[in-house]
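Trainee: Got a minute to go through a structure with me? I'd like to start from one residue and work outwards.

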Amino acid sequence: MPSKFNIFRTCIYGVVFIWTVICLAIAAHFQSLLVITDLTRFVPFTIFVCSVSMLILIILLGCSMVRTSNPISTRIELGCLGLLGTFWLALGAFLASSDSENANVECYSSDAETSPIDVPGFSTETYQAQYRVLEAFSLFNLILILAFLLFLLALAVKHHFRVNRNVWYIAVTEYPWFGKTMSKLPAPVSSRSRSRGKTYDEKASAPWENETRRGDSRYPGWSAQVPAPARASDKYKRDASPRR
């Protein structure tokens with residue numbers, strides 16, 4: 001089951017991909033009908049931006065679905081998002097500042113004709129409506145890409161200073177962005193404390209063994225053998241034996 005972050009990321013990229021396809025379709029439609037002039041220079045630039053964006057999105061989404069580890073790290077994905085945001089920012093600014101939005105469309109049967117004709121399904125109103133759709137979707141893509149870029153960058157900086165400095169080298173889809181982390185590990189037990197505990201157990205279990213060892217090692221004059229108890233005897237030096 002993918003995490004909530006991966007689902008959110010896939011939805012953002014999916015929406016951007018769909019709007020990119022729509023922009024590419026409109027630009028291709030303009031390319032097949034309009035003559036390339038100063039007012040239609042946005043058409044080849046739109047096709048270029050849409051093609052590069054689709055290629056990058058396919059790579060990002062395709063690598064996240066690979067069963068093995070994702071080769072695209074966080075810093076690479078941030079760089080790709082920055083590149084996409086720059087392209088869509090340039091396209092949106094170009095479309096918003098161009099005079100092509102309010103231009104009139106005149107259709108001719110051939111290059112030599114001077115009198116316009118009516119083409120069914122395409123007119124000035126149709127062109128202006130499609131141009132506004134192209135401009136709106138370009139701005140929508142720009143907002144989504146920049147918003148997700150800033151969101152991912154803020155998470156990476158937060159984890160860099162608080163959790164893990166290697167977050168830039170881990171794939172976005174494999175890192176637990178909202179997972180719980182261990183606060184602090186318990187202090188390791190030193191070898192000295194272990195040896196003391198062992199010595200204490202030995203003394204508690206067999207104290208006479210330590211005394212014997214100490215007598216053997218530190219005081220070599222002492223005998224390690226415990227003397228046998230003296231037998232009771234009377235004053236005439238005869239062994240006393242109990243009566244029967």
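**Starting from Arg9**

Mentor: Sure. Let's begin with Arg9, which is buried, at a relative accessible area of 1%. Keep in mind that this is a predicted model.

Trainee: Okay, which side chain does Arg9 meet in a salt bridge?

Mentor: That would be Glu77, with an N to O distance of 2.7 Å. Glu77 is buried too, and its relative accessible area is 1%.

Trainee: And where in the chain do those two sit?

Mentor: Arg9 belongs to helix α1, residues 4-33, while Glu77 belongs to helix α3, residues 74-97. They are 68 residues apart, so the pair links distant parts of the chain.

Trainee: How many salt bridges are there in the structure?

Mentor: There are 2. Besides the Glu77 and Arg9 pair, Asp38 and Arg41 meet through their side chains at 2.9 Å, N to O.

Trainee: Are Asp38 and Arg41 buried or exposed?

Mentor: Both Asp38 and Arg41 are exposed, whereas Arg9 is buried.

Trainee: Stepping back, what is the overall fold made of?

Mentor: The protein has 6 helices and 0 strands. Of its 244 residues, 30% are buried. If you take contacts between residues at least 6 apart in sequence, 70% of them join residues at least 24 apart.

Trainee: What about the outside, how much area is exposed?

Mentor: About 17300 Å², with carbon and sulfur atoms supplying 60% of that.

Trainee: Switching topic: where does UniProt put the transmembrane regions?

Mentor: The unreviewed UniProt entry lists residues 12-36, 42-66, 78-96 and 136-157. In the model, residues 78-96 are 100% helix, and the end C-alpha atoms of that span are 26 Å apart. Residues 136-157 are also 100% helix, with 32 Å between the end C-alpha atoms.

Trainee: Now the inside. Which residues have the most contacts within the largest nonpolar core?

Mentor: Tyr13, Phe30, Phe42, Trp88, Tyr127, Leu152 and Trp177, in a core of 44 residues. The elements giving two or more residues to this core are α1, α2 (42-64), α3 and α4 (124-162).

Trainee: Which element gives the largest share?

Mentor: α4 does, with 11 residues.

Trainee: Let me pick Tyr127, then. What is Tyr127 in contact with, leaving aside neighbours within four places in sequence?

Mentor: Its partners include Phe30 and Phe42, which are also among the core residues with the most contacts. Tyr127 is in contact with Leu34, Leu39, Ser100, Ala103, Val105 and Phe122 as well.

Conventions. Residues are numbered from 1 along each chain as its sequence is written. This is a predicted model: local features need pLDDT of at least 70, side-chain atom pairs count only at pLDDT 80 or more; totals for chains, interfaces and linings use all residues. Side-chain values use heavy atoms; hydrogens and water are left out. Helices (H or I, at least four residues) and strands (E, at least two) are DSSP runs, numbered from the N terminus. Buried means under 20% relative accessible area, exposed over 50%, partly exposed in between (1.4 Å probe, protein chains only). Contact means heavy atoms within 4.5 Å. Accessible areas come from the Shrake-Rupley method with a 1.4 Å probe; for residues, only the protein chains shown count as cover. A salt bridge is a side-chain nitrogen of Lys or Arg within 4 Å of a carboxyl oxygen of Asp or Glu. UniProt positions are given in the numbering used here, feature names are shortened, and annotations may be inferred rather than shown by experiment. A nonpolar core is a set of buried Ala, Val, Leu, Ile, Met, Phe, Trp, Tyr and Cys residues joined through side-chain atoms within 4.5 Å.
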